[in-house]
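Thanks for coming. I will take you through one structure, a few places at a time, and you can follow along on the screen.

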Amino acid sequence: MFAFDPQAGAGDMPAGRVEAYQRTGLTLDQARVTANRDMATIQAGRTASAAREIADEQAKVALDVAQLGNNRALEDSLARQVELKQRVAFYYEQTKNLAEATRLAEADQAKIDAARQRVRDQWFADDAQDRTLRLAQARGDSEESIRQLQREIDIRERARDLPCKPRLRRYGPGDLLIIDIPEAGLVEQPAVVLRRSLNPETMGVSLILRGETLEKHAFALAATGQAPPTPALKSTEEIDATLSSTNLIDWSQVRDPDGTKPEDGATVGGTIGENIKNSAGEIVPSGELLNSALTLNPDGSLVAKIGSTERVLGKLKLPDMNAASDASRRQLENDLASLAAAVAQLATGQAIVQNVFRDAGLYTDPESGVAKLFAIESRAEQITKLSVTLNAALASINLKASVNYVNEAILSAQLGGSSADLTSLLVRLTSAETNISGLQASIQLKADATIVTGLQGSVTSIQQSIDAINAVIEQKASRTVVDGIGARLTLAEQTLSSLDAATITSAVSASRRAPGDSDAAAANDILAALAGWDASKLALTAVASAKMELTAKTDSNRDALASLSTQLGVQVGAVSALVSTEQAARIAGDSATASDLSAYKASTNSALAQVNGAITAQTSNLEALSGQFTTFRASIGDFGQVTVSQAFSALADRTGRLEGRYTLAIDTNGRLQGFVLAGSQNGPASFSFIDTDLRMGTGRIVFNNGTYMRVQGTGFGASNEFISWFGPTMAITSCTRANAISYEAINGDAYFGGSLSAGTFRNSSASSSLAPDASIIVGPFQSNGKPRSLVVSLDYMGNRRITTACPNPAPAVPVFTLEIYRGADATGVLLASQTLTGRYECSPGAGEFEPGYQNDSVNASFTLSDPLAGNSFTYFARIRKRSINVEPVRQILTVISTEQ
């Protein structure tokens, strides 16, 4: 037997290796050749191993670069290659079969890829859900539908941004983590990684997490085929019904110990039994309080009512569909005249010339300074005319070209009384004209085309005018198509002007007209229809118009205007929809206004819906005002009208007045309802409800001065049983009957300490000392000689920061022994000694920069009764001993004595 030195190179072949081969019977030369071959094989293996290690290191570097560059696609691809390679290596180690190892690894990778794809699909679904909400808000959908969409997103979205140390960068999108950070409100909280980002400087990683459930995550990874239950979203009515059946009590069951209980259904807001007054002490009518509606007057002025003051915010003009109808009628009249002339040529045969005729000439008039150049060609089906006119006196040039084409075969058939294919072209009249005037500094261009077939007639006209004197450029394109079912008209216009103001106006319109019953027969013969139809007798069936105007203007050194306005309108029969908007910046003397105004109107027979909106900022030497106003109106038939108005306004003036106002009002056939939040520098803001009940639902109202608090709601506290609770400041979930000064419960029970109920005495004291033998004294206080109920409670919290693992075994839970005496100290009568146990928690740390914690907590109490009669009492309570694990940060010892 012989052995090889794996560290030896091919050129360092030891003599012992050759000798070993010689001992096997090989000659010296054969031994050398064999040894060299072995060394070459070893070297090749080393080279391949080094290449693999280099490739692995390069792959790691490429993955780090992709992560640092936030190249998610490349990062995913490289990570997938690394994972697949590692799985193949693992399975090969187990099976020693490369093909089998590759199959198993690819199967696992397919599962992971599918899970990641499901996560990405969920991202896309979440994004689509977000877009749906934004579109609903932009469209102005109903509040209920928007709330429903928002609730779905609230249930879905439980995302947190968690900065972590470098060791957590191995986790990526789709991974499930269990987060335990009590101070952040996350206790053993499953969360899935949505995305991550790396900090190149600290090499830390930031994970974006979303709350998850283990059941939902298992289903997402296809680990189970049973989908977890989907949270059911409730409507507002369902929530109200639930509250009415579980948490609310009948008004007649509410007690009235001091005779101040209001009538059932009394108006909520202000002071019970008193009218709402302004700063001058004058009673403010509800109509004035809620008077924040926007009104669009017939003259186009948009007026906002802020309290008792009316302000004109600007002017809007809704599209005039009657004017659009008249314009289309005039266009149709002109175009029908052109079509009638074309049909007349077909009927009379004026264009028929059997022989070809051509002519051209030049005419000059030295006296008038006019020169004319013309050319004409006439043949069987077509007449072509060209003319040029030069006028020195007017400094003008006129160029005109026209072609009249009449289908000879159709014309011959018409004149001979024979039938012909009327689907082909019958008549085409085209012309183009240019007028150039040096005197007027203008250029006018025009092109027209009139075409008649056996099925329809059409007129197309394009015009352009350039007027340097008036600084105007006008462009217009129109087309009219007339056939058996009526007329279709389209028009596009644009005007650029810079004479007094710089303006750009663009307008487009489209309309349809149908023949009346008396013209229906003519519709079967298009030629007769084109020759005989009257534009005034074609009924308008549909019209659409759009106009945009951009203006910049300075009237003087003190006035300036920049505005953008749009008008949109459509009408089909009695149904119409109109939109008008204006964005403007104005300066008039010492006043400046920036505004965004809008008006929307839709009507169908007897139904009407309208929205007026305004955002404005106004300043002058006397005052400054900013606000946003929106008014919604709807009416149908004889049922009346409902208006919803919302207004925000901020006002400051030279008199020192500073006022802010937020109003939400509903006007249903004259009945005003809503609220006003108004504030000024003169005192607290007022929040006034007008003809409105305040329904809290599942919310709570909290009054807290840091020592005592009052909470109102519809089922809260440790047992979700209170409507109202008053006592020492603490977590709302810790509120109980024992630690309350007073409470009202959802089952109708009520308890009032102190002087709230006749014959009831309540005395209490609390200590926040952290000492191990902390104590408190209650009294001396007067007594009616009745038994006293004593509640002794302890609220303790200890905390320690750790950088290593949690102690193993875990230490014992914290234990306190409390004593209470009748007397001023421990020499009095011992009434009770109670042992209270708490809770110990620990989260391991991972070094100085990622610490953990140890927590001790005790939140407990006990109750006893002292039946001794007397007229004066003092009680002493103390911590007799305590066993804790960490330093205390909060220790509150409380004693409450209540005598009924």
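Is F675 buried or exposed? F675 is buried, with a relative accessible area of 16%. The cut-off for buried is under 20%, so F675 falls on the buried side of that limit at 16%. Before I go on, please keep in mind that this is a predicted model.

Let me stay with the rings. A search of the whole structure finds 10 aromatic pairs. In one of them, Y662 and F675 are edge-to-face, with 5.4 Å from centre to centre and 80° between the planes. Y662 belongs to strand β25, residues 658–668, and F675 to strand β26, residues 671–680, so this pair ties together parts that are 13 residues apart in sequence. F675 is buried, as I said, whereas Y662, at 21% relative accessibility, counts as partly exposed. Now the pair of F722 and Y743: the ring centres are 5.6 Å apart and the planes are at 55°, so that pair is tilted. F722 is in strand β30, residues 722–728, and Y743 is in strand β31, residues 742–745. The two are 21 residues apart, and the pair links distant parts of the chain. Both F722 and Y743 are buried.

Back to Y662 and F675 for a moment. Together with F648, these two form one aromatic cluster. There is also a charge over a ring to point out. The charged end of R788 sits over the ring of F873, at 3.5 Å from the ring centre.

Next, the cysteines. How many disulfides does the count come to? The count comes to 1 disulfide. C806 and C842 form it, and their sulfur atoms are 2.1 Å apart. C806 is in the loop between β35 (788–802) and β36 (815–822), while C842 is in strand β38, residues 839–843. The two cysteines are 36 residues apart, and the pair links distant parts of the chain. The angle about the S-S bond is -100°, and the link of C806 and C842 is left-handed. As for accessibility, C806 is partly exposed, with a relative accessible area of 24%, and C842 is also partly exposed, with 22%. Another cysteine, C735, is buried, with a relative accessible area of 1%.

Now for the sheets, of which I will show two. One is an open sheet of 5 strands in the order β33-β41-β35-β39-β38, and its pairing is antiparallel. Which strands are at its edges? The edge strands are β33 (761–767) and β38, each of which pairs on one side only. The twist from one strand to the next averages 10°. β38 is also the strand that holds C842 of the disulfide. At the β33 edge, 7 bridges join β33 to strand β41, residues 888–899, and these two run antiparallel. To find the place on the screen, look for R762, which stands opposite T898 in β41.

The other is an open sheet of 4 strands, in the order β34-β40-β36-β37, again with antiparallel pairing. Here the edge strands are β34 (775–782) and β37 (829–837), and each pairs on one side only. Neighbouring strands of this sheet are turned by 15° against each other on average, direction ignored. β36 and β37 pair in the antiparallel sense over 8 bridges. V815 has T837 in β37 as its bridge partner.

Two single residues are left. S563 lies in strand β19, residues 559–572. S563 is buried, with a relative accessible area of 12%. What does S563 touch, leaving out residues up to four places away in sequence? S563 touches E549, L550, T551, Q583 and A584.

The last one is N605. Its place is in the loop between β21 (591–604) and β22 (607–619). N605 is exposed, with a relative accessible area of 66%. N605 and A574 are 31 residues apart along the chain, and their C-alpha atoms are separated by 5.8 Å.

That is my tour. I will leave the structure on the screen for the discussion.

How values were computed
Residues numbered from 1 in each chain as written. Predicted model: local features only at pLDDT ≥ 70, side-chain atom pairs only at ≥ 80, totals over all residues. Heavy atoms only, no water. Disulfide = S-S within 2.5 Å. Buried < 20%, exposed > 50% of the residue type's maximum accessible area, 1.4 Å probe, protein only. Phe/Tyr/Trp six-rings, centres within 6.5 Å; stacked < 30°, edge-to-face > 60°. Lys NZ or Arg CZ within 6 Å of the ring centre and 35° of its normal. Contact = heavy atoms within 4.5 Å. Pairing = 2+ DSSP bridges. Axes fitted to C-alpha atoms, helices over the stretch in contact; angles between N-to-C directions.
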